[in-house]
Amino acid sequence: MDELEKMLLMQVADLHKVPEGAYNIRKDGETDGRRSTANIEIVPRKDGKSGIDIIVRPFTKNESVHIPVVITKTGLQETVYNDFYIGEGADVLIIAGCGIHNCGEQQSEHSGVHSFHVGKGAKVRYVEKHYAEGDGKGESVMNPTTRVEIEEGGRMEMETTQIKGVDSTVRVTRASLAKDASLVIREKIYTHGKQFAKTDFSVDLNGEGAGADVVSRSVAAEESSQEFLSRINGNAACHGHTECDAIIMDSAHVAAIPCLTANSVEAELIHEAAIGKIAGEQLVKLMTLGLDEAQAEEQIIKGFLS
Amino acid sequence: MLELKNICYAAESAGQGKEILQDVSLTIDDRFVAITGPNGSGKSTLAKVIAGIIRPTSGSIYLDGEDITDLSVTERARRGISFAFQQPVRFKGITVKDLISLAAGKKINITEACGYLSEVGLCARDYIDREVDASLSGGELKRIEIATILARGTRVSVFDEPEAGIDLWSFNNLISVFEKMYRQTKGNIMIISHQERILNIADKIVVLVNGKVDRQGSRAEILPTILGTTACRALTDKMED
């Protein structure tokens, strides 16, 4: 790997070198390195589509899987299908991420379709970072799709971050939860320039005691635009909460569309959405500490997205 | 030393100018100066004029002889003026440690953060990683606000009604914070307050009435003229509510 690719890996997966545990590194459409462990097996897909199957044995504890993607070739467009099978009672950390460096004229695009099958009582923490850079005219596009099925008592925590760089993204997440299963989503987005980011969550709470907490914090600056759609369907005695909190700046656009559907009298569903500029008093407070306006703005945004 | 010369401020209200401050001239060179007076007398406006948040319609402000009238909030802060808000501002995602670091102007370690927080009666371990947001109570926010002023350690510190919005128990602790600050400060502290116990530790008391300096002088001269007046009783009642 060259320095540029190493830097992209750092940005999306905090990796300085080959990670501990299981990993699969994808570079410009090819596998650049892969390792399975005794409990986590990574194999190519059998259906001919591009991508891998990640199989975590039941009751595997405290292990991690890194599956970063780096793209440095301009004009590369790919769709990759990765399926995760998390065995009963397992507890694992999965770090995914995509870094694009596009110096050319053509559009580089990565569409990752990730399907999670979270077994009974299993726990997964899934961390996904998107990063792009490059001074060419070619756009960097990322369209992740995440499908999640959680069996009884299972839990998934999903943290997704996209801070600057990505020109266009449409993020689709679909989840269905069985009895006592839970899903926590924390999304952070910062767009600037003429970037566009759309997120579309839909969660079906099918089992009694299922719970979902979907929270998005975003900052839209300059001429960028964002759309946030979040739907929670309560089909049983369940708890659902969705929240979108956005800071809007300059001449950006933000649309927040939360949607709740209750199909059971026992379903408890809440949505919150707030869009607004940085509060003037926050700027003034930091200015009384000696920061200038630009520094104050930067600190407020940094905190908001931390 | 802070000097205000002939400060006037008129606010536009329903098309009519309302004189909030009228020809206020003051010198703050004592260790501890309390500004008091009835509600609506212009005290908070005066504090904001000093911090640069409100620009006076006319008049001048000098900090150690330098004319700072046209300086921005940031420039005044950098020259050594600190301002504690009456209603501390909340921030999503900014932690207590972040805020104190910003105030100190450098990254601070846990021991330093602990120092400032224990000064205001908070246990650092419980607070440094908490966000300065709605999860903190009014009293906690107030103390953190004061800790940011301590961390700055500037020449002039202005507190706008530090007692507002806190319960009696927190208030007793707050008084000891100010008593200690009085003993330790090397600069000038100016507090806007209605509280007898705060006025009691002031070297100088200034009474503002209807936007004008009604009277000013040493505590021994002024305090007896305030205590027992209807204005002060009403304000004491307000605190007890």
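# Close-up views of a predicted two-chain model

**View 1. Tyr9(B) and the residues around it.** Leaving aside residues up to four places away in sequence, Tyr9(B) touches Ile20(B), Leu21(B), Thr45(B), Val49(B), Ile54(B), Pro56(B) and Thr57(B). Before going further, keep in mind that this is a predicted model. To find Tyr9(B) in the picture, look along strand β1 of chain B, which covers residues 2-13. Is Tyr9(B) buried or exposed? It counts as buried, because it has 23 C-beta neighbours inside 10 Å, and 20 or more are enough for that label. For a sense of scale, try finding Pro224(B) as well: it is 215 residues from Tyr9(B) along the chain, and the C-alpha atoms of the two are separated by 30 Å.

**View 2. Where chain A and chain B touch.** How many residues does each chain bring to this contact? Chain B brings 20 residues and chain A brings 17 residues. On the chain B side, at least two residues each come from α2 (73-79), β6 (81-84), α3 (96-104) and α6 (138-152). The element that gives the most to this side is α2(B), with 4 residues. Sorted by class, the residues of chain B that touch chain A are 11 nonpolar, 5 polar and 4 charged.

**View 3. Helix α3(B) and its surroundings.** Helix α3(B) is mostly covered, with 8 of its 9 residues buried. Which residues are they? The buried ones are Val96(B), Lys97(B), Asp98(B), Leu99(B), Ile100(B), Ser101(B), Leu102(B) and Ala103(B). In chain A, they pack against α2 (280-287) and α3 (293-304), and in chain B they pack against α4 (110-119), α5 (124-127) and α6. Just after the helix comes Gly105(B), which takes a positive phi of about 80°.

**View 4. Helix α6(B) from end to end.** Here is a small calculation to follow on the model. Helix α6(B) has 15 residues, and at 1.5 Å a residue it should span 21 Å. Its end C-alpha atoms are 21 Å apart, so the expected span and the model agree. Like α3(B), α6(B) is described as mostly covered; in α6(B), 13 of the 15 residues are buried. The residue that follows α6(B) is Gly153(B), and its phi is positive, near 55°.

**View 5. The crossing of α3(B) and α6(B).** The axes of these two helices come within 7 Å and cross at roughly 35°. The crossing is right-handed. Which residues meet here? From α3(B) there are Val96(B), Leu99(B), Ile100(B), Ala103(B) and Ala104(B), and from α6(B) there are Ile144(B), Ala147(B), Thr148(B), Ala151(B) and Arg152(B). By class, this contact has 8 nonpolar residues, 1 polar and 1 charged.

**View 6. The two domains of chain A.** The domain assignment splits chain A into domain 1 (1-156) and domain 2 (167-279). Taken over C-alpha atoms, the centres of the two domains are 23 Å apart. Their contact takes 19 residues from domain 1 and 18 residues from domain 2. On the domain 1 side, β10 (140-142), β11 (145-150) and β12 (155-163) of chain A each supply at least two residues. Strand β11(A) gives the most to that side, with 6 residues. By class, the domain 1 side has 6 nonpolar, 7 polar and 6 charged residues.

**View 7. Glu105(A) in its loop.** Look for Glu105(A) in the loop between β7 (91-101) and β8 (108-118) of chain A. Why is Glu105(A) called exposed? It is called exposed because it has 11 other C-beta atoms within 10 Å, and the label applies at 12 or fewer. Not counting residues up to four places away in sequence, Glu105(A) touches Thr74(A), Gly136(A), Lys137(A) and Gly138(A). Gly138(A) is 33 residues from Glu105(A) along the chain, yet their C-alpha atoms are separated by 4.1 Å.

**View 8. Two loop residues with positive phi.** Most residues other than glycine have a negative phi. Asp28(A), in the loop between β1 (22-27) and β2 (30-35) of chain A, has a positive phi near 45°. Glu222(A), in the loop between β16 (211-220) and β17 (225-234) of chain A, has a positive phi near 55°. Asp28(A) is partly exposed, with 14 other C-beta atoms within 10 Å. Glu222(A) is also partly exposed, with 13 other C-beta atoms within 10 Å.

Note on methods: Residues are numbered from 1 along each chain as its sequence is written. Chains are lettered from A and ligands numbered from 1 in the order in which they are written. This is a predicted model: local features need pLDDT of at least 70, side-chain atom pairs count only at pLDDT 80 or more; totals for chains, interfaces and linings use all residues. Two residues are in contact if their C-beta atoms, placed from the backbone, lie within 7 Å. Ala, Val, Leu, Ile, Met, Phe, Trp, Tyr, Cys and Pro count as nonpolar, Asp, Glu, Lys and Arg as charged, and the others, Gly among them, as polar. The expected span of a helix is 1.5 Å times one less than its number of residues. Axes are lines fitted to C-alpha atoms, for helices over the stretch in contact, and angles run from 0 to 180 degrees between N-to-C directions. A crossing is left-handed if the near helix is turned anticlockwise from the far one by less than a right angle, and right-handed if clockwise. Domain bounds come from an automatic or database domain assignment.
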